Each structure stands twice: as structure tokens, then as C-alpha cells.
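This report looks at cysteine contacts and aromatic ring pairs in one protein model. The aromatic rings are taken up before the cysteines.

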Amino acid sequence: MPIIGVLALQGDVSEHVQAMQKALDGTGEVRAISKLGQMEQCSALVLPGGESTTICHQLESSGLNGELKKAAALGKPILATCAGLVIISKEIAGESKVKPLGLMDIKISRNAFGSQRESFEGDLSVEGFERPYRAVFIRAPAIVEVGKSVEVLARVDSIVVAARQKNILALAFHPELTDDLRFHQIFLKMLEA
């Protein structure tokens with residue numbers, strides 16, 4: 001049975017744990033992880049939304065950034081949402097405070113849709129989905145450049161908000177805040193690959 005680790009340094013950890021438990025439907029285990037050595041026990045990892053500056057700082061000070069890079073290099077599936085998307089990016093437009101891990105060949109813009117007050121929900125047309133996906137955007141980043149090996153899955157107007165590169169699924173929105181588990185199912189299918 002797979003073990004899904006949810007990075008529990010800061011952010012909406014419990015929501016991710018609950019959504020992943022629903023998606024697994026008893027066929028695996030979900031663990032909140034925050035200590036060295038725990039990622040190695042996991043089959044896949046979730047990097048939740050939150051405050052990317054804080055999460056990056058904690059990853060670095062705890063040494064977990066090295067374990068995360070190793071997990072990505074080993075091909076463990078990684079679901080990165082909102083702040084998680086910032087963390088796994090290769091580059092952040094006009095940014096110097098946050099040092100991304102460079103796990104995915106994308107350039108992002110933080111808070112691309114505005115502040116907390118400009119948070120919104122919207123229907124996305126997603127590659128491979130038969131019906132629209134209602135996405136929740138909270139101080140959301142956007143993907144402003146993608147590398148050749150990155151597959152774009154969804155956009156808001158012309159702005160990329162969902163993409164995949166090998167074992168990494170990156171979302172600018174919060175799939176854990178809806179009852180629609182289709183992105184979680186894509187992620188769990190990545191375990192079988």
C-alpha cells in the first residue's frame with residue numbers, strides 16, 4: 001500500500017491529508033511529515049499551499065530540501081499546489097527572497113492574480129477532463145514560462161495554472177478545498193507509472 005507524505009511545515013496540511021485519504025479510499029496511508037528521514041518512507045509527496053517564503057526557509061534550515069530534491073530525482077510523484085508550485089519552480093520572476101528548488105522547468109510569478117482579497121473560484125478546461133474543474137485560487141501564483149518537457153494541463157485565459165513534468169504535478173490552485181478529486185486521481189495514477 002502506498003504511503004503519501006504531506007509536507008507539514010506550514011500551510012493547509014490537514015485539508016490535504018483529508019483529501020488524499022478520500023482519494024485513496026482505504027488503499028493507502030497518508031502521513032504528515034516534517035522530520036528528516038520521513039520522506040524516504042513515502043511513495044509520493046504533497047507540497048501544500050501556505051506561505052512560500054516561510055516554507056522555503058524551513059525546508060532549508062531543517063535540511064529537508066535535500067531529501068525533497070533526492071525524492072524528485074528518484075522519480076517519486078510530487079503534487080505541488082500554490083506555495084508548493086513556487087517551491088518546485090526553477091525561477092521566480094522578479095524575486096530574490098525565495099530560493100526555489102529547481103525541480104520543474106518552469107518560471108513562476110508569485111501572487112499573480114492579486115492579494116487575498118482577489119482570491120476567486122473559476123471553471124477550468126483541463127486536458128483530459130470531460131467536464132470543467134472548479135478551482136479555488138487564493139493568492140495564487142501563475143506559471144509564466146514552461147520548458148520543452150513540461151505539459152500544460154490548464155489555463156486561466158492565457159495564464160498556465162496546471163502543468164506536469166515527469167513525476168511532478170504542479171497546480172496554482174487548491175484541489176484540497178473542493179470535493180472534486182480528479183487531480184488527486186491523476187496524482188495517484190502517477191504512482192503506478
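## Aromatic pairs and cysteines

Seven aromatic pairs are found in the structure, which is a predicted model. One of the pairs joins F120 and F137, whose rings are stacked, with 4.6 Å from centre to centre and 10° between the planes. F120 belongs to strand β7 (residues 120-124), while F137 belongs to strand β8 (residues 133-137), so this pair ties together parts that are 17 residues apart in sequence. The two partners are listed below with the cysteines: F120 is partly exposed, whereas F137 is buried. Ring pairs also place both residues in a cluster made up of F120, F129, Y133, F137, F173 and F183.

Turning to the cysteines, the number of disulfides is zero. C56 takes part in no disulfide, and the nearest cysteine sulfur to it, that of C82, is 13 Å away. Seen from C82, the closest cysteine sulfur is in C56, and at 13 Å it is too far for a bond, because a disulfide requires sulfur atoms within 2.5 Å. C56 is nevertheless buried, and C82 is buried as well.

The relative accessible areas of these four residues are as follows.

| Residue | Relative accessible area | Class |
|---|---|---|
| F120 | 27% | partly exposed |
| F137 | 1% | buried |
| C56 | 10% | buried |
| C82 | 5% | buried |

The class of F120 follows from the cut-offs: buried means under 20% and exposed means over 50%, with partly exposed in between, and F120 has 27%.

Notes:
Residues are numbered from 1 along each chain as its sequence is written. This is a predicted model: local features need pLDDT of at least 70, side-chain atom pairs count only at pLDDT 80 or more; totals for chains, interfaces and linings use all residues. Side-chain values use heavy atoms; hydrogens and water are left out. Buried means under 20% relative accessible area, exposed over 50%, partly exposed in between (1.4 Å probe, protein chains only). Rings of Phe, Tyr and Trp (its six-membered ring) pair if their centres lie within 6.5 Å; planes under 30 degrees apart count as stacked, over 60 as edge-to-face and the rest as tilted. Helices (H or I, at least four residues) and strands (E, at least two) are DSSP runs, numbered from the N terminus.
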